[in-house]
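Visitor: I'd like to zoom in on one spot in this model rather than skim the whole thing. Could you pick a residue and walk me through its surroundings?

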Amino acid sequence: MRSRGPSQVQFWFIALVIGIAAGFAALGFRLAIDMLQRTVYGVDDPHRLHSYAETLHWGWVLAIPAIGGLVVGLILHRFTEDGRARSVADVIEGAAIKDGRVEHKAGLASALASLITLSTGGSTGREGPVVHMAAVISSWVSDRIRANGITGRDLLGCAVAAAVSASFNAPIAGALFALEVVLRHFAVHAFAPITIAAVSGTVINRLEFGGVTEFTPPQHGDLQFYFELPAFLLLGLVCGLVAVVLMRSIFWAEDLANRVQRRTRMPRWLRPAVAGLGLGAMAIYFPHIIGVGYETTSAALTGQLFFHEAVVFCILKCIAVALTMAGRMGGGMFSPSLMIGALTGFAFGVVATSLFPYISGNDTLYALAGMGAVAAAVLGAPISTTMIVFELTGDWQAGLAVMVAVSLSTALASRLVDRSFFLTQLERRGIHIAAGPQAYLLSIFSVGALMRPKDSPNAASPEACAELISQGVTLSPNATLHEALPQFEKWGYGFIPVVVPGGEGNEPDLVGALFHVDALRAYTRALATTAEEEHS
């Protein structure tokens, strides 16, 4: 297996094992959050955390997130290079340009940090750390069997599918999420093993929790589809704008926090503690922002809120999520987007049913559609998010309303950000996955790996290289094709000298030359391999 790769039967068996392992990891993460919340807050039912927090002394509500943030900061400072918790964006990057691998040590540290964040009042979700934790498992297996890029990516998809399925008891959505968000293709060869892993992860969840859904909305009557269709179209546009506001507020808060940290020379391990202190201050008056937010989401889906409460909680949750993410406390975006979407949809539904009481349905139906619409826009995953909403609630009757709202929100939001929250995160790091393989494949190849060394038989002429160097036409060995190809277009030469700095006052040292034909050949092969994988 290590020399020739796994056969199809062996690969399916490995997918099953990875699915079981990822399922147990997701289940353990969820149970650990519940246990720590019971220990830290003293709550009997973690799903009613914010109601219990209202009875606590304000000092505890303030201190718990701050202490949790301090512990998170120390963990990330010790075990990561940049003090940043890993999440779904890093898994997407691993699938695209790292042969299906993610960082091991930083990934485990991020999972522990996110566990503490979610247990001590951090306002994020558990799917991000669970997905990355599952990716660490698949990366370890890929390294053990020396899997190539295609096999490594497929195993990564299996792990992600199992983790999402086990985390939310949603096998169909788990499989679709892995294909739509992480692998970003629906190749037939990947479907069977990913399905096997998703089902195995779901079985692990149901052995512990049974077949219950996460939320139980009231039963809706027949949808007055022809009359209400314009309302759900409008809801989709509103949810798309809300999703964009949520995403941009996170990026704005992150940029602001970076500037403050630089100017104040704040130690990076202190940054999550400061964010936790801010969350605690908010939670004194509005404990609804604490944790994943299941209680508030359920209240919106069952119509147990007033209009002004839904609006205020939605705004505060956006602020709390931005504060948590900007503080680098870790966690995911799916659960917060569900809560914000449910609140947005409910508020919209109250207005719609008040204006047209005789031709409109229940306002909680708008909450359900809004929940899916905001989440789909944030994740950039309309198909899997629609399925997750169905599987989380068990309400298939409202499918038309959800699909209409999801399609409009995703279409609008994808025009205002780089397709999704995760892809925009990567774009801000200079990783251009949102543009497709024709863009991000360029960053895989380094100039140093493709150049012809100066002492090779077919090397460029030293005299010609010296002439180009005198004109300032050079490349660094550490540059990528993303930087090199535009230089060929700019200068029009067949090759560009590759040099390294020669030290203070010295001329740069010539180490080789990158030929345009070599760069194009490598790029073409990568595109052909990607196309073959995606259509196999």
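Guide: Let's take a close look at Asp90 and what sits around it, with a short stop at Ser114 afterwards. Keep in mind that this is a predicted model.

Start by finding helix H4, which runs over residues 88-97; Asp90 is part of it. Is Asp90 buried or exposed? Its relative accessibility is 8%, and the cut-off for buried is under 20%, so Asp90 counts as buried.

Now see what the side chain of Asp90 is up to. It makes a polar contact of 3.2 Å with the side chain of Arg84. The Asp90 side chain also reaches a piece of backbone, namely the nitrogen of Ser87, at 3.0 Å.

Next, look past the neighbours within four places in sequence. Asp90 is then in contact with Arg84, Ala85, Val102, His132 and Arg429. For a sense of how sequence and space compare, try Ala135: it is 45 residues from Asp90 along the chain, yet their C-alpha atoms are 9.6 Å apart.

Then hop over to Ser114, in helix H5 (residues 105-119). Ser114 has a relative accessible area of 0%, so it is buried too. A polar atom of the Ser114 side chain lies 3.2 Å from the backbone nitrogen of Gly331. Gly331 also turns up among the contacts of Ser114 beyond four places in sequence, along with Phe29, Pro129, Met329 and Gly330.

Methods. Residues are numbered from 1 along each chain as its sequence is written. This is a predicted model: local features need pLDDT of at least 70, side-chain atom pairs count only at pLDDT 80 or more; totals for chains, interfaces and linings use all residues. Side-chain values use heavy atoms; hydrogens and water are left out. Helices (H or I, at least four residues) and strands (E, at least two) are DSSP runs, numbered from the N terminus. Buried means under 20% relative accessible area, exposed over 50%, partly exposed in between (1.4 Å probe, protein chains only). A polar contact is a pair of N or O atoms within 3.5 Å; within protein, one must be able to donate a hydrogen and the other to accept it, and residues adjacent in sequence count only if both atoms are side-chain atoms. Contact means heavy atoms within 4.5 Å.
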